[in-house]
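Subject: Handover of a structure model, with findings

Dear colleague,

Please find below the structure that I am handing over to you. My account of what was found in it follows directly after.

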Amino acid sequence: TPSFETVLVETRGAVGLVTLNRPKAMNALNAQLVRELGDAVAAFDADDAIGAVVIRGGEKAFAAGADIREMAEQSFSDVYLADLGAAWRRLLDCRKPLVAAVSGYALGGGCELAMMCDIIIAAEDARFGQPEITLGIIPGFGGTQRLARAVGKAKAMDLVLTGRMMDAQEAERSGLVARLVPAERLTEEAIAIADRIASLPRVATLSAKEAVNAAFESPLSEGARAERRSFQALFATEDQKEGMAAFLEKRKPQFRNR
Ligand code: CAA
């Protein structure tokens, strides 16, 4: 495993675990962290032994947003030329399922990072928000788009326009968070979910992620067409034969990711 300064990388069986590691700055997402996170996720995506990835922060903060210290004196040209889009693209291009384990603050770019993941698991003390407006800017890593899709226009406007935070319970009620767990069990639960995904037939899990994502990137008819094609294509896999045979024979399937 490669080593980085701003993220820690470990494996737990077939699960890749990435821990954001700038605790003194509440895991503020500076350019180095975003690049290292992209590299870490891309490395797990390329590793056949890994079936899913968990991204977590610290106890107090998942991530408190883009690094305000880094941005404060930047001009339009600085921000435009430094564009972190390419680094984020590496995360968005990950074909394996990404689970965000959120405790404490997930604000600004931190909330946006969680929303770039496929499943958000939150500790009961988690707080989500897009406070950019209070700094004279707006979300810049996809927040307005993904939040609106996740929680609808009313709450997205409320959060983006006022900069207020929502607690974990509200985030779960609103559909942003998949599961709420006690803080002390957060990492364990997130790894259990990722481990469960990693134990399932790989061609199917990657296809499923692609198909659900198509719901957000295409009209319904186009998404449904892509889904149908993937569904049909899975009948070309050995794991489909094995999964269905095992069900009928009332035994455990032996998946080979083929
Ligand atoms: N950037 C840089 N440093 C940050 C930071 C950030 N986003 N968030 C926290 N820190 C630093 C603080 O400056 C402080 O550093 P020092 O010890 O050197 O003073 C340290 O982390 C601890 O923070 P606080 O003392 O503020 O801790 P707190 O418990 O009182 O408050 C908090 C926690 C509510 C998260 C508060 O730190 C906060 O409001 N942070 C900023 C949140 C924010 O506005 N995020 C949006 C950033 S803009 C963005 O993300 C743009 C985008 O979409 C691309």
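The structure holds 14 salt bridges, a salt bridge being a side-chain nitrogen of Lys or Arg within 4 Å of a carboxyl oxygen of Asp or Glu. Please note that this is a predicted model, in which local features need pLDDT of at least 70 and side-chain atom pairs count only at pLDDT 80 or more, while totals for chains, interfaces and linings use all residues. Residues are numbered from 1 along each chain as its sequence is written, and side-chain values use heavy atoms, with hydrogens and water left out.

Salt bridges

One of the salt bridges joins the side chains of arginine 90 and aspartate 39, at 2.1 Å from N to O. Arginine 90 belongs to helix 4 and aspartate 39 to helix 1, so the pair links distant parts of the chain, 51 residues apart; helices (H or I, at least four residues) and strands (E, at least two) are DSSP runs, numbered from the N terminus. Arginine 90 is partly exposed at 36% relative accessible area, and aspartate 39 is also partly exposed, at 33%. The classes are buried (under 20% relative accessible area), exposed (over 50%) and partly exposed (in between), with a 1.4 Å probe and protein chains only.

Arginine 164 takes part in a salt bridge with aspartate 158, where the closest N and O atoms are 2.9 Å apart. Arginine 164 also meets glutamate 170 in a salt bridge, at 2.8 Å from N to O. Lys155, Asp158, Arg164 and Glu170 are joined into one network by salt bridges that share partners. Within that network, arginine 164 is partly exposed at 28% and aspartate 158 is partly exposed at 27%, whereas glutamate 170 is buried at 9%.

Strand 3 and its neighbours

Strand 3 covers residues 52–56, and 5 of its 5 residues are buried. Ala52, Val54 and Arg56 point one way from the strand, while Val53 and Ile55 point the other way. In a regular strand the side chains alternate between the two faces of the sheet.

Strand 2 (residues 15–20) runs parallel to strand 3 and is joined to it by 5 bridges; two strands pair if DSSP finds at least two bridges between them. Across this pairing, threonine 19 stands opposite arginine 56. Strand 3 also pairs in the parallel sense with strand 5 (residues 98–102), over 4 bridges, and isoleucine 55 has alanine 100 as its bridge partner there.

Pockets

The largest pocket has a volume of about 1000 Å³. On a 1 Å grid over the protein atoms alone, a pocket is an open set of points where a 1.4 Å probe fits, with protein on both sides within 12 Å along at least five of seven lines, and lining residues have an atom within 4 Å of a point. Grid points are joined across faces, edges and corners, and a volume is the space filled by probe spheres set on the points. The largest pocket is lined by 34 residues, with Met115, Cys117, Asp118, Asn213 and Phe216 nearest its centre. Helix 9 gives the most to this lining, with 10 residues.

The second largest pocket has a volume of about 890 Å³. Its lining has 37 residues, and Ala66, Met71, Val79, Ile137 and Phe141 are the closest to its centre.

Yours sincerely
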